[in-house]
Amino acid sequence: MVIKYLKSIRITNIILISLLFWGLIAQNYTKSLQFSYDHIWLYLALIFTLSGGYLINNYFDIISDTNNSKAILNATKKYYLFA
């Protein structure tokens, strides 16, 4: 079940965006790395928004994904509602 969930939120895309986010944050602080709670909150908001967007996309495109053989096996609309 965890593997299907990670596929549905496209974990590789989220990891890539995470690396870009923290790389851009670190680039702004070349002299000394001073992270604040604002950076963490912004990061968490970004990750949760991305995950939710991917789940909504999978929910509404489940019919077209099954026609194009891109669907996650045994994942129904009920799965995306309670994921």
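**Entry 1: aromatic rings**

I looked up Phe 21 to see how much of it is open to solvent, and at 12% relative accessibility I count it as buried, bearing in mind that this is a predicted model. I then checked its neighbour in the ring list, Trp 22, which at 27% relative accessibility counts as partly exposed. Phe 21 and Trp 22 form an aromatic pair, with 5.0 Å from centre to centre and 85 degrees between the planes, and I note it as edge-to-face because the angle is over 60 degrees.

Trp 22 also pairs with Tyr 43, and here I wrote down a tilted arrangement with 5.2 Å centre to centre and 45 degrees between the planes. This second pair links distant parts of the chain, since Trp 22 sits in helix α2 and Tyr 43 in helix α3, 21 residues apart. Taken together, ring pairs join Phe 21, Trp 22 and Tyr 43 into a cluster.

**Entry 2: the nonpolar core**

Which residues make up the largest nonpolar core? I found six of them, namely Ile 9, Ile 14, Ile 47, Leu 50, Tyr 54 and Leu 55. Helix α3, which covers residues 37-60, gives the largest share of this core with four residues.

**Entry 3: Arg 10 and Asn 58**

I next turned to Arg 10, which lies in the loop between α1 (2-8) and α2 (11-28). Its phi is positive, about 55 degrees, although Arg 10 is not a glycine. Is Arg 10 buried, partly exposed or exposed? With a relative accessible area of 27%, Arg 10 is partly exposed, because that value falls between the 20% and 50% limits.

I followed the side chain of Arg 10 to that of Asn 58, and the two are joined by a polar contact of 3.4 Å. Asn 58 has its place in helix α3, and at 6% relative accessibility I count Asn 58 as buried, so this contact runs from a buried residue to a partly exposed one.

**Entry 4: a nonpolar patch on the surface**

Finally I looked at the outside of the model, where Val 2, Leu 6, Ile 11, Ile 15 and Leu 19 form a nonpolar patch with about 450 Å² of accessible area together. Helices α1 and α2 are the elements that give two or more residues to the patch, and the largest share, three residues, comes from α2. I checked one member, Val 2, which lies in helix α1, and at 58% relative accessibility Val 2 counts as exposed, because the limit for that word is over 50%.

Key: Residues are numbered from 1 along each chain as its sequence is written. This is a predicted model: local features need pLDDT of at least 70, side-chain atom pairs count only at pLDDT 80 or more; totals for chains, interfaces and linings use all residues. Side-chain values use heavy atoms; hydrogens and water are left out. A nonpolar core is a set of buried Ala, Val, Leu, Ile, Met, Phe, Trp, Tyr and Cys residues joined through side-chain atoms within 4.5 Å. Buried means under 20% relative accessible area, exposed over 50%, partly exposed in between (1.4 Å probe, protein chains only). Patches are made of residues with over 30% relative accessible area and no salt bridge: like charges are joined within 9 Å, nonpolar side chains (Val, Leu, Ile, Met, Phe, Trp, Tyr) within 5 Å. Accessible areas come from the Shrake-Rupley method with a 1.4 Å probe; for residues, only the protein chains shown count as cover. A salt bridge is a side-chain nitrogen of Lys or Arg within 4 Å of a carboxyl oxygen of Asp or Glu. A polar contact is a pair of N or O atoms within 3.5 Å; within protein, one must be able to donate a hydrogen and the other to accept it, and residues adjacent in sequence count only if both atoms are side-chain atoms. Rings of Phe, Tyr and Trp (its six-membered ring) pair if their centres lie within 6.5 Å; planes under 30 degrees apart count as stacked, over 60 as edge-to-face and the rest as tilted.
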